[in-house]
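Work through the exercises below with the model open beside you. Each one sets a task and then solves it step by step.

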Amino acid sequence: MSFKKNFGKEKVEISKQHILKFMGRENLNGLTVLDIGCGSGLHSVAMLEAGAAKIHGFDYDPNSVKATQFIQKQVGHPENWTAEQGSVLDDDYISKLSTYDFVYSWGVLHHTGEVWHAIQNAASRVKPGGLFYIALYAANVQIDPTPEFWLDIKRKYVASGWMRRRAMDLWYVWRFQMRKDIRRLPEFLQRKREYEKNRGMSIFTDIRDWLGGWPMEFVYDKEAIDFVEKLGFKLEKIATGEANTEFLFVRNADDRI
């Protein structure tokens, strides 16, 4: 399984440092965490190492849950880390979850097919005074090509066979990484090395995730901020300019769920 190759101490450390740097914290000591769309479990491990007191993760994809269970075994089955299959769109499931000091969902909610429903349900699990860290595909940066262009590409990608998908991976590199200029190949190879060092995964993994991410919705940053703040939150920090915009919100301390 590919997630076995993508797990390691260096990648956990990269994830931990990214989370802490964005949040402006030295650690997560004592925080209870809900990891929505936990994927391989890599970020859950990172947050445990950052000092989280308890983590519960869930994912709609049963293969992702299996990946997380594999990682749990690799790190000795921590008693304060649980994971299960579940959907952020399942109101009954969400309502039965506890509330948490820190709810985390990176690059997940826009793939549900109902992004606003997903955001609202995720936000409902944040304790008053708690933190809400999400990353959403930004419509703001999709000007040329447009969001409509990418949605069409993604539909074609998921409908294609293995060979066609690999061809589209290379098309993406040629058009968007090398700008149709063979002289940019050394530059791309250097970017590939730096990407693996800084992100802890192959750039082609990210390309496949981008092209194959479906269902998919783009969200304007202001729309996301306005929507979450109406749920009783205040924007604490935002990082823009990349495909995903990262948001850190704080729930009003006197807000009652």
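**Exercise 1. Decide whether Ser15 is buried or exposed, and find what it touches.**

This is a predicted model.
Step 1: take the relative accessibility of Ser15, which is 6%.
Step 2: apply the cut-off, where buried means under 20%. Ser15 therefore counts as buried.
Step 3: place the residue. Ser15 belongs to helix H2, residues 9-23.
Step 4: list the contacts, leaving out residues up to four places away in sequence. Ser15 touches His43 and Ala46.

**Exercise 2. Give the strand order of the open sheet and identify its edges.**

Step 1: read the order. The seven strands run S3-S2-S1-S4-S5-S7-S6, with mixed pairing.
Step 2: look for strands with a single partner. These are S3 and S6 (233-239), so each has one side without a neighbour in the sheet.
Step 3: add the twist. Neighbouring strands are turned by 15 degrees against each other on average, direction ignored.

**Exercise 3. Work out the pairing sense around S4 and S5, and name a bridge pair for each pairing.**

Step 1: take S1 and S4. They pair in the parallel sense over three bridges. Val33 has Phe102 of S4 as its bridge partner.
Step 2: move to S4 and S5. These run parallel and are joined by six bridges. Trp106 has Ala135 of S5 as its bridge partner.
Step 3: continue to S5 (126-137) and S7 (244-251). Here the sense is antiparallel, over seven bridges. Leu131 stands opposite Val250 in S7.
Step 4: check how enclosed S4 is. Five of its seven residues are buried, so S4 is largely enclosed by the rest of the structure.

**Exercise 4. Find which strands H4 and H6 meet, and at what angles they run.**

Step 1: take H4. This helix packs on the sheet and touches S2 (54-59) and S3. The direction of H4 makes about 160 degrees with that of S3.
Step 2: take H6, residues 115-123. H6 lies across S1 (32-36), S4 (100-106), S5, S6 and S7. The angle between H6 and S5 is about 150 degrees.

**Exercise 5. Analyse three of the salt bridges by distance, location and exposure.**

Step 1: get the total. The whole structure holds eight salt bridges.
Step 2: take Asp101 and Lys127. Their closest N and O atoms are 3.6 Å apart. The pair links distant parts of the chain, from S4 to S5, 26 residues apart. Lys127 is partly exposed, at 29% relative accessible area.
Step 3: take Lys156 and Asp152. The closest N and O atoms are 3.2 Å apart. Both lie in H7 (147-158); being four residues apart, they are separated by about one helical turn. Lys156 is partly exposed at 45%, and Asp152 is partly exposed at 33%.
Step 4: take Arg183 and Asp181. Their N to O distance is 3.0 Å. Arg183 is exposed at 70%, whereas Asp181 is buried at 18%.
Step 5: look for a network. Arg184, Glu187 and Arg191 are linked in one.

**Exercise 6. Locate the nonpolar surface patch that includes Leu185.**

Step 1: name the members. They are Trp174, Ile182, Leu185 and Leu189.
Step 2: take their joint accessible area, which is about 350 Å².
Step 3: place Leu185. It sits in helix H9, and at 34% relative accessibility it counts as partly exposed.

**Exercise 7. Explain what stands out in the backbone at His77, Lys180 and Pro215.**

Step 1: check phi of His77. The value is near 50 degrees, positive in a residue other than glycine. His77 lies in the loop between H4 (62-74) and S3 (81-85). At 52% relative accessibility, His77 counts as exposed.
Step 2: check phi of Lys180. The value is positive, about 60 degrees, and Lys180 is not a glycine. Lys180 lies in the loop between H8 (162-177) and H9 (185-199). At 54% relative accessibility, Lys180 counts as exposed.
Step 3: check omega before Pro215. The peptide bond from Trp214 to Pro215 is cis, with omega near 5 degrees. Pro215 is in the loop between H10 (203-212) and H11 (221-230).

Technical notes:
Residues are numbered from 1 along each chain as its sequence is written. This is a predicted model: local features need pLDDT of at least 70, side-chain atom pairs count only at pLDDT 80 or more; totals for chains, interfaces and linings use all residues. Side-chain values use heavy atoms; hydrogens and water are left out. Helices (H or I, at least four residues) and strands (E, at least two) are DSSP runs, numbered from the N terminus. Buried means under 20% relative accessible area, exposed over 50%, partly exposed in between (1.4 Å probe, protein chains only). Patches are made of residues with over 30% relative accessible area and no salt bridge: like charges are joined within 9 Å, nonpolar side chains (Val, Leu, Ile, Met, Phe, Trp, Tyr) within 5 Å. Accessible areas come from the Shrake-Rupley method with a 1.4 Å probe; for residues, only the protein chains shown count as cover. A salt bridge is a side-chain nitrogen of Lys or Arg within 4 Å of a carboxyl oxygen of Asp or Glu. Two strands pair if DSSP finds at least two bridges between them. Axes are lines fitted to C-alpha atoms, for helices over the stretch in contact, and angles run from 0 to 180 degrees between N-to-C directions. Contact means heavy atoms within 4.5 Å.
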